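Open the model in your viewer and keep the selection tool at hand. The stops below go from residue to residue.

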Amino acid sequence: MFDKPIDELTLSDIEALVDNKVPESQTLDYKLKLCLDKDKDKKEFLADVVSFANTKGGYIIYGVREEGGVPVDIEGFELKDIDKNIKDIDKALLKIEELIENGIEPKIYGMEPEERCKVKAIKLQGNKYVFVLRIPKSIYSPHRVKTNGRFVKRGERKKYDMSYDELKAAFLGSELVNADRELLKKFMETLPSTEGSIPFIKEHNMAGYSFEIARLEDLQKFVGEWDNAEHEFHDEELEKLRKKLLSLSRDYLDELSRNTWLTSPGFAAVPAEWEIEQPERFREVVSKLHRLAEDILNAHQSLIRLGRKKLGL
């Protein structure tokens, strides 16, 4: 069930959870009903959503009876159980989406771009439904319920109000994520994928062909300005990639400085005559430059992809 998008879930996926007795966990909860008619019901619903967003994200499945945290039957519920004024499924889904959107602060965004809370209605026989609500692990935690200010996390099977130390750590973590997000934006401005040094080293053949030295300015700026504590990521994986990219870029520029000569003002090349006069050196230099260029591209793209995924850009 959890290997497919929520839009693709069917009744057979819910039946498999019951048949396999998949228990509640930190990322899975079963509830028999979904009631949003009264204020206290809305607050409890929002607290459940907040608890998942503040922890690891996960799924709440409404319409399943559980005993001791283990699902035993798919009973479903009618739309009027949600709110006596709701007559059709679109209004039910809209009510849930609007309640999450307006009842929680800050708004919940997951690790993937545009990843938000999402609900899927699965029709049963008669007028009954099962609702599946997916909540992403949020990049903007800690969240709270607006109306009562509750900061909630999810334990192994239950939600609980966050302690002072947990709140402090969560707010610090949020600040660090925001700092990394701004640093990643700055990185992509310094060394963009679509112009400047990166497309140049991707496309240029160093086997004796001259190149415009100015095309390396982005890479030189990155090496000159990003080798310091002010440009370190708090996230360990991102920081490891930043250091790797710095090392590769430095090696690439050093190799160019030792093995290229000016061919005209503002242009340089690995001497084409080396291919005849020093063929072994020529092949070694060109091969190393191309290998370093490929490694730089891989590290650059890996840093951006991982950063966008982790930081929600």
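Where does Asp 83 lie? Select Asp 83: it is in the loop between helix H3 (79-82) and helix H4 (89-103). Helices (H or I, at least four residues) and strands (E, at least two) are DSSP runs, numbered from the N terminus.

Before going further, note that this is a predicted model, in which local features need pLDDT of at least 70, side-chain atom pairs count only at pLDDT 80 or more, and totals for chains, interfaces and linings use all residues. Residues are numbered from 1 along each chain as its sequence is written, and side-chain values use heavy atoms, with hydrogens and water left out.

Stay on Asp 83. Its relative accessibility is 8%, so Asp 83 counts as buried (under 20% relative accessible area; exposed is over 50%, partly exposed in between, with a 1.4 Å probe and protein chains only). Show the side chain of Lys 95 as well: a polar contact of 3.2 Å joins it to the side chain of Asp 83. A polar contact is a pair of N or O atoms within 3.5 Å; within protein, one must be able to donate a hydrogen and the other to accept it, and residues adjacent in sequence count only if both atoms are side-chain atoms. Leaving aside neighbours within four places in sequence, Asp 83 is in contact (heavy atoms within 4.5 Å) with Leu 36, Asp 37 and Lys 95.

Next, select Gly 68, in the loop between strand E3 (64-67) and strand E4 (70-74). Gly 68 is exposed, with a relative accessible area of 60%. Add Glu 24, which is 44 residues from Gly 68 in sequence and 8.8 Å from it in space, C-alpha to C-alpha.

Move to Arg 242 in helix H8 (residues 236-259). Buried or exposed? At 3% relative accessibility, Arg 242 is buried. A polar atom of its side chain lies 2.4 Å from the backbone oxygen of Trp 226. Beyond four places in sequence, the contacts of Arg 242 include Phe 222, Asp 227, His 231 and Leu 303.

Finish with Val 285 in helix H10. Val 285 has a relative accessible area of 4% and is buried. Outside its neighbours within four places in sequence, Val 285 is in contact with Glu 255, Asn 259, Val 270 and Trp 274. For a long span, pick Ile 60: its C-alpha atom is separated from that of Val 285 by 58 Å, with their positions 225 residues apart along the chain.
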